[in-house]
Structures are given as structure tokens and as C-alpha cells.
Amino acid sequence: MSVRVRFAPSPTGELHIGGLRTALFCYLFARKNRGVFILRIEDTDRKRYDPHSADHIQFALRWAGLNWDEGPIFQSQRLEIYKKHAFELMDAGHAYPCFCSPERLEEMRKEQEAKKLPPRYDRRCRNLTEEERERLIMEGAPFTIRMKVPESGITKFKDIVYGEISVRNEEIDDQVLLKSDGYPTYHLAHLVDDHLMEITHVIRGEEWLPSTPKHVLLYQAFGWEMPEFCHLPSILAGRGQGKLSKRHGAVSVISYMEEGYLPEAMINFLALLGWSPGTDQEIFSMEELIEQFSLEKVSHTGAVFNREKLDFFNGYYIRKKSLEELAILVKPYLVKAGLINEDYPLEPYFFMALRTVQERMKKLSEAPELLSFYFKEPDYPAELLIPKKGTPESAAFALEVAIDCLTEVEDFAAPVLERELRQAAQEKGIPPGNLLWPLRAALTGKEASPGAFEVLEVLGKDESLLRLEKALFKLKK
């Protein structure tokens, strides 16, 4: 049988980092085995349903390059299928109607909490006689359908990551399968769909591991062949810090996209969260990931989310971009910051400016800060022009020397400018640093920026001399 996997998010919000990693592992496994990758939207939780979430999920997957082969399939359009299977289980004696009101269930839960007992249904309706059930149904009493878990014995299953797992049936709750409003719970709906869609491998987060014995029992009750299970370790905030939270970086994929992370960087980063190629290789293209990926190399220990590592990958892929590609990517950030308008041409000046900061950029959103002085004359205090071991007078003298030197230079190329300025500094007895600091600060208005010679070349002679004259005026006021 050919491999068929599904990514099945609930549309209760935007797709987060953990969900994207699950989707990536599903995608890589499908592509590695020349199988089918299915997108299924599990939208049966109507209380938490977000009408825009499904669109966000699909947008995030496409941004990351995880294109699905079938779908999206919406569970809310398949309610009759789940209802039919729930009643089949009940008719076969593997499930039963539960007439307990929400108020009774809440009271029962509070009592269990007070006694420090695990929250579990007390099976009151399981013990009703057939006559009592028929009477309540005839009276129109609302009911759910619960699975009828065997009261003894052991349920076993094998997980690709965690190995053989055994659970005593007495520890398994009689889970609700079909709610009184006709909507199925996750436990029924996903299992029915996985069977009907011929899913061969269920790849999902480890938070579903405790529920898997219930699913195994349901497969047995239906008499269906089970898929292979693979539960992925949680993404952790840090060693001993627990699962990743919003505070630590578990924000939506779209937020990372808006912040200026590239899809290839995000994919490379997430692939190594919980999976290892068994080598020291860190940089992977999607094709290389597909070639080397296997579920057997997924770790059973939690993977630590390291924002610095993500920034490393993003900086690497930014540096791999051509100036033309990078200009297209950063332009919206400059427009949003008000540095340029939508009609600003991607011309040589833009590319020259971008080249000076490309090595320094870790996120596209840093572009306005890094490039601002190229598109807007900087505003800064006169104190910025003074080196640590300098004085206003020494800084002013350095600027005067630079202005005199640059006025005579015809070829405004960085190597020429460096040669002429260093020679002028030497002739006037100015330490190189005492010349370059006020020069660079006058041009950029920043403590940290590209080198002065590169900036001079991009700004050109007229603009550079104008900024130096204004800086000199600040020092002499």
C-alpha cells in the first residue's frame, strides 16, 4: 500500500510553530516515500471555531512550500458519516447513549477534584437497562454517545518514536464520541476519516499519545486495520522550561513571516527540531531534507526552540539571495516605515545600499533600521560625532580633513576613498579611528553601521559632502 499521511489542524486560530513542524514532517515523509500528503481541516469544535483560521492555515502552508495533494477536506461537511459510524458502534455494543446533563457532569468533576481522583465519567448511563434507554430516547432526552471501554485487560500499541506502549483498560475513560448536537469529538471523527482516507501513518504531536489507547480500542471495535503511529516530541522553551509558549516564541507562522523570516530558513530550522540526519550537516534544502528524512531518526526527547539558531539560518538564507531578490523582499518593509513609496524604483542605488547591509541582516524587518540613512537624512546629537578618546575639537578637525580630501577625489569608489582618506589622516597625524568614527557617524547618524568607505560610495560625492558639512556645523555651534 502506498504511503498516505494527513496534516489535520483545528481551525481555532492561526497556525503556530508546532503545527508547522508537524505538517513539515508529514510532508517530508510523504515525499520521501512518493506518497500522498492530505490537508484535512478538523472543524468540529464549534465553540472554538475561528472562521478565518482555515484560510490562515492554508496561507501559512503555501508560504512554507508545503503543498498538499488532496484537500482541504472539512470535517463539518461530513457530519452524517460520523453519526452513522457512532450509531453502528452503539448497535454493536461498543458504545452507549449517555443522558447525563452538563450540570451533573460538572458536579461529578468537582467531586473528583476534591477527592484528588482522576477526572473520569462514572459510567452511570452505561449501567442503564435497555428499557430505560429506550424510554429516555422516546421522551426526547438529549444524549451523547460514549465508547464502551473494556473494564479489564490491557491495550497495547507500537509507536515509531516511543516504542511499545501498554495501558490498563481500567485507566481509560468512556470517551464521548458523538455530542448531543450531532457533532463528533476528535476521537471519533479523525479515526473514521483516517480509515476512509486510507491513512497509513498518523504523524502528530505527543500530546495525543495518552489518547491513542482509546483510538486503538476504537479501531478494534470497528474491526479496522490500524495505521502506524508516530508521535512527535514537544518543542520546549529551553532545558527544563517546559513546552514552548507564546512568551518564548510559540506565535503564529504568519507573525514570523511578517517579522521577516524566510520560508527556507523556517523549514531548515524546524526540520532539526526533533529530527537529526545523524551527521553534522546543518544547512538543508527541501530536496536534501526529503532525501534524508526518516521517522526512525525522530528523537523521543523534547526539542529546544532556539531563536538565535533561527536567526542564524535566516541570516544565512538572506545572504544567499541575489540583490535583486532581496530588494523585492525588503521593499515592503521600507514602504511601511515611510522611507520610500510604492513607486520607488529598484534601481542601482537601491542595490548598492542593500549590498552594504546584506551581511548584517538577520531578518527582513531589520531593513528599515539598517538602511534608513540611505533614504532619509539622519538626525543625531553632536555628541555622536565624538570618538571615545576624542574631543569636539578633534572631531571637527577630522571632519575638515575628510571634507578637504573628498572634495579633491574624482573616483568615488570605496577602495579609492579608503586609500585617499587614510593617507590624509596619516599626513595630518590623525589616528585612523579618530577620522573614521566622526566620518561614519556624520554619514549615517548611527553608532553601528556599514563601513564609512562603502557608505560614501553609495551616497555619492555631493550627498556625502553635504552631510559632512552639516556635521561640522553641529560641532562648531
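Student: In which helix is serine 372 found?
Tutor: The model in view is a predicted one. Within this model, the element that holds serine 372 is helix α14.

Student: Is serine 372 buried or exposed?
Tutor: A residue counts as buried when its relative accessible area is under 20%. The relative accessibility of serine 372 is 18%, so this residue counts as buried.

Student: With which residues is serine 372 in contact, leaving aside its neighbours within four places in sequence?
Tutor: The neighbours within four places in sequence are set aside here. What remains for serine 372 is contact with three partners, namely Leu339, Ala367 and Lys446.

Student: How far apart in space are serine 372 and tryptophan 275, C-alpha to C-alpha?
Tutor: In sequence, 97 residues separate serine 372 from tryptophan 275. In space, their C-alpha atoms are separated by 40 Å.

Student: How far apart in space are threonine 391 and leucine 475, C-alpha to C-alpha?
Tutor: Threonine 391 lies in the loop between α14 and α15, and its relative accessible area of 36% makes it partly exposed. Along the sequence, 84 residues separate threonine 391 from leucine 475. From C-alpha to C-alpha, the separation in space is 10.0 Å.

Student: Which residues gather in a patch of negative charge on the surface?
Tutor: One member of the patch is aspartate 404, which is placed in helix α15, residues 392–408. Aspartate 404 counts as exposed because its relative accessibility is 54%. The full patch consists of Asp404, Glu408, Glu410, Asp411 and Glu469.

Student: How many salt bridges does the structure hold?
Tutor: Side chains of opposite charge can pair when their charged atoms come close. In this structure, the number of salt bridges is 32.

Student: How many residues apart are arginine 6 and aspartate 194, whose side chains meet in a salt bridge?
Tutor: The side chains of arginine 6 and aspartate 194 form a salt bridge with an N to O distance of 3.0 Å. This pair links distant parts of the chain, since arginine 6 is in strand β1 and aspartate 194 is in helix α6. Both residues of the pair are buried. Arginine 6 and aspartate 194 stand apart in the chain by 188 residues.

Student: With which residue does arginine 40 form a salt bridge?
Tutor: The closest N and O atoms of this bridge are 3.8 Å apart, and the partner of arginine 40 is aspartate 193. The bridge joins strand β2, which holds arginine 40, to helix α6, which holds the partner, across 153 residues. Arginine 40 has a relative accessible area of 0% and is therefore buried. A relative accessible area of 0% likewise makes its partner buried, that partner being aspartate 193.

Student: Which residues are joined into one network by salt bridges that share partners?
Tutor: A further salt bridge pairs arginine 48 with aspartate 45 at 3.7 Å, N to O. Arginine 48 is exposed because its relative accessible area is 53%, while aspartate 45 is partly exposed at 29%. The network made by bridges that share partners joins Arg6, Arg40, Glu42, Arg78, Asp193 and Asp194.

Student: Where is threonine 44 found, and with which residues is it in contact beyond its neighbours within four places in sequence?
Tutor: Threonine 44 lies in the loop between β2 (36–41) and α2 (53–63). Its relative accessibility is 7%, so threonine 44 counts as buried. Apart from neighbours within four places in sequence, its contacts are Gln75, Lys179, Tyr183 and Pro184.

Student: Which two residues are joined by a cis peptide bond?
Tutor: Most residues other than glycine have a negative phi, and most peptide bonds are trans. The cis bond here has an omega of about 5 degrees, and its proline is found in strand β3, residues 70–74. The residues joined by this bond are glycine 71 and proline 72.

Student: What is the phi of lysine 116?
Tutor: Lysine 116 is placed in the loop between α4 (102–114) and α5 (130–138). This lysine is exposed because its relative accessible area is 78%. Although lysine 116 is not a glycine, its phi is positive, at about 60 degrees.

Student: Near what value is the phi of glutamate 198?
Tutor: Glutamate 198 sits in the loop between α6 and β9 (201–205). Its relative accessibility of 49% means that glutamate 198 counts as partly exposed. Its phi is positive in a residue other than glycine, with a value near 60 degrees.

Key: Residues are numbered from 1 along each chain as its sequence is written. This is a predicted model: local features need pLDDT of at least 70, side-chain atom pairs count only at pLDDT 80 or more; totals for chains, interfaces and linings use all residues. Side-chain values use heavy atoms; hydrogens and water are left out. Helices (H or I, at least four residues) and strands (E, at least two) are DSSP runs, numbered from the N terminus. Buried means under 20% relative accessible area, exposed over 50%, partly exposed in between (1.4 Å probe, protein chains only). Contact means heavy atoms within 4.5 Å. Patches are made of residues with over 30% relative accessible area and no salt bridge: like charges are joined within 9 Å, nonpolar side chains (Val, Leu, Ile, Met, Phe, Trp, Tyr) within 5 Å. Accessible areas come from the Shrake-Rupley method with a 1.4 Å probe; for residues, only the protein chains shown count as cover. A salt bridge is a side-chain nitrogen of Lys or Arg within 4 Å of a carboxyl oxygen of Asp or Glu. Lys and Arg count as positive and Asp and Glu as negative; His and the chain ends are not counted. The place of a charge is taken as NZ of Lys, CZ of Arg, CG of Asp or CD of Glu.
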